[in-house]
Amino acid sequence: MEEEGQQQQQEQEQEQQEREHKKEVIRLERESVIPILKPKLIMTLANLIEHSSDRAEFLKLCKRVEYTIRAWYLLQFEDLMQLYSLFDPVHGAQKLEQQNLSSQEIDVLEQNFLTYLFQVMDKSNFKIATDDEIEVALSGQYLLNLPITVDDSKLDKNLLRKYFQDHPCQNLPDFSDKYVIFRRGIGIDRTTDYFFMEKVDMIIARFWSYLLRVTRLEKLFSRRSGRQHKKDPKKDDEISPDADQDDLYVERKRLENMELSVRNLLNKITIQEPTFDRIIVVYRRSSTKGNTERGIYVKHFKNIPMADMEIVLPEKKNPGLTPMDWVKFLVSAVVGLVALVSSLEMPNADLWVIFAVLSGVIGYCAKTYFTFQQNMAVYQNLITQSMYDKQLDSGKGTLLHLCDDVIQQEVKEVIISFFILMEQGKATRQDLDRWCEELIKDEFNESCNFDVDDAVQKLEKLGIVARDSVGRYYCVGLKRANEIIGTTTEELVLRVKQGGST
């Protein structure tokens, strides 16, 4: 009895391990963006200050820090917006004609615009999606079940190629000469439904895989698609022991990994996919013989599932049946034809067998066709949703949003760093970084990879933080900090406005 109990326990443990092994977990690096609203951050920190006089000085300092940082970036943002006005796809061509510039001068200006744009992206904590991240995102399916490709002939290949030649970046994806995808933030998207057609597809796919294994054709297909199955450095089972323990781990729940059971097949199920909280796509359309295209497109999206990232791609081709679908069509037709001819050649041909063979072949072909039509409908719905629900803005609106984003992030970094130094006293760079992250976690229950270098650089530029002989950072008192920054223009305007109203 004891041996039977131990055997059952071992079998249960083995089943549990198999279920855990089926889990698809993606490792994601923590973002540098501080996910806290600035007013909430300031008021929470102010309430932690004991004396009311110090609290008032701290609130005054926060305003002066924001006004000063905003003034620092004003000229740079003005240059960015002026340059974009020349490459706005709507009105940029008219303004370029008015400037009467040569082709070489326009080339220089558009490269200057890209330089400013990429700097603002970096300051706003947007990162260029790397080749590895694209592979992770496209290694699975979520709601989009059609192969989406870009019509390369409709995209310019010179603008971005020239930029990356002058500004090299590591691990760029293959399409970086045609368009660039910036991403920031990680979220979770869940969808609950019956997914009847998808479940039928899954059963057929597993049966197809079984046939390939039995006929030993699996190796032939795996060689052809070997590039798609290359090692994924961000899958959980391949993480090295020295990987960052603070990384995020997000489970990807897909139909392909679902256990076959009556309950799962007949009831609603929930699938889950990590999302890119923000995506910005930059590209230019290709020029035609009669028209040189100079417009630069900047499109901003939100909450895009990683596996469905194709919906933000520019100049997409209309999807059609995949080569695998055609192979299945042909194989089914050949098998059905052979079975039909064999049945007819028999002395006593059974009409029911002939009918069953024809019904099976026709049913499978009809199923493939209607599945494709359903996927097309889902695709059209996702594209419409990306245009109306998930596209935040484009062009000038996106740039204005980015500029404000930069200011908000810089202000929050400076305020948190100063508050920690004010409360803790002197601190090394490592201690300051750790304490800032702990403050965000303890007070706001949020996690981020705090950019301490950028924060102390701003504090030193403001003149309210310095270093001692051994390199530790320390801050001046609150009242002295306000005196060093001085009265800002915004405060003078507010005083005049208040004086006029009274």
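**From the nonpolar core outwards**

The largest nonpolar core of this predicted model has 74 residues, and those with the most contacts inside it are Phe 58, Phe 113, Leu 117, Phe 118, Phe 182, Ile 416 and Phe 418. One of these, Phe 182, touches Phe 118, Met 121, Phe 126, Lys 127, Ile 128, Arg 278, Ile 279, Ile 280 and Val 282, when residues up to four places away in sequence are not counted. Apart from this core lies another, of 26 residues, which includes Leu 144, Tyr 283, Val 312 and Leu 313.

These cores belong to a chain of 502 residues, of which 43% count as buried, and the chain has 17 helices and nine strands. Among its contacts between residues at least 6 apart in sequence, 78% join residues that are at least 24 apart.

The aromatic residues can be followed next, since the count of aromatic pairs comes to ten. In one of them, the rings of Tyr 84 and Phe 113 have their centres 5.5 Å apart and their planes at 35°, so the pair is tilted, an angle of under 30 degrees being needed for stacked and one of over 60 for edge-to-face. This pair links distant parts of the chain, with Tyr 84 in helix α3 (residues 52-87) and Phe 113 in helix α5 (residues 103-123), 29 residues apart. Tyr 84 and Phe 113 are both buried. Tyr 163 and Phe 164, by contrast, form an edge-to-face pair, at 5.4 Å centre to centre and with 75° between the planes, and both of these residues are buried as well. Ring pairs link Tyr 163 and Phe 164 with Phe 118 and Phe 182 into a cluster; Phe 118 and Phe 182 are also among the residues with the most contacts inside the largest nonpolar core.

Helix α3, which holds Tyr 84, also packs against helix α4 (residues 92-99), the two axes coming within 5 Å and crossing at roughly 100°. Because angles of 65 to 115 degrees count as roughly perpendicular, α3 and α4 are described as roughly perpendicular to each other. Their contact is made by Ser 85, Leu 86 and Phe 87 of α3 and by Gly 92, Ala 93, Lys 95, Leu 96 and Gln 99 of α4.

Further along the chain, helix α15 (residues 452-462) contains Lys 458 and Glu 460. Is Lys 458 buried or exposed? With a relative accessible area of 8%, Lys 458 is buried, because the limit for that class is under 20%. Leaving aside neighbours within four places in sequence, Lys 458 is in contact with Trp 72, Tyr 73, Lys 123, Glu 410 and Val 414. Glu 460, at 30% relative accessibility, counts as partly exposed, and its contacts, with residues up to four places away in sequence again left out, are Val 465, Arg 467 and Tyr 473. Glu 460 and Cys 475 are 15 residues apart in sequence, while their C-alpha atoms are 9.3 Å apart in space.

Trp 72, already met as a contact of Lys 458, also has a charge over its ring, for the charged end of Lys 461 sits 4.3 Å from the ring centre. A second arrangement of this kind involves Lys 426, which lies over the face of Tyr 474 at 5.7 Å from the ring centre.

Notes:
Residues are numbered from 1 along each chain as its sequence is written. This is a predicted model: local features need pLDDT of at least 70, side-chain atom pairs count only at pLDDT 80 or more; totals for chains, interfaces and linings use all residues. Side-chain values use heavy atoms; hydrogens and water are left out. Helices (H or I, at least four residues) and strands (E, at least two) are DSSP runs, numbered from the N terminus. Buried means under 20% relative accessible area, exposed over 50%, partly exposed in between (1.4 Å probe, protein chains only). Contact means heavy atoms within 4.5 Å. Rings of Phe, Tyr and Trp (its six-membered ring) pair if their centres lie within 6.5 Å; planes under 30 degrees apart count as stacked, over 60 as edge-to-face and the rest as tilted. A charge sits over a ring if NZ of Lys or CZ of Arg is within 6 Å of the ring centre and within 35 degrees of the ring normal. A nonpolar core is a set of buried Ala, Val, Leu, Ile, Met, Phe, Trp, Tyr and Cys residues joined through side-chain atoms within 4.5 Å. Axes are lines fitted to C-alpha atoms, for helices over the stretch in contact, and angles run from 0 to 180 degrees between N-to-C directions. Angles under 35 degrees count as roughly parallel, over 145 as roughly antiparallel, 65 to 115 as roughly perpendicular and the rest as oblique.
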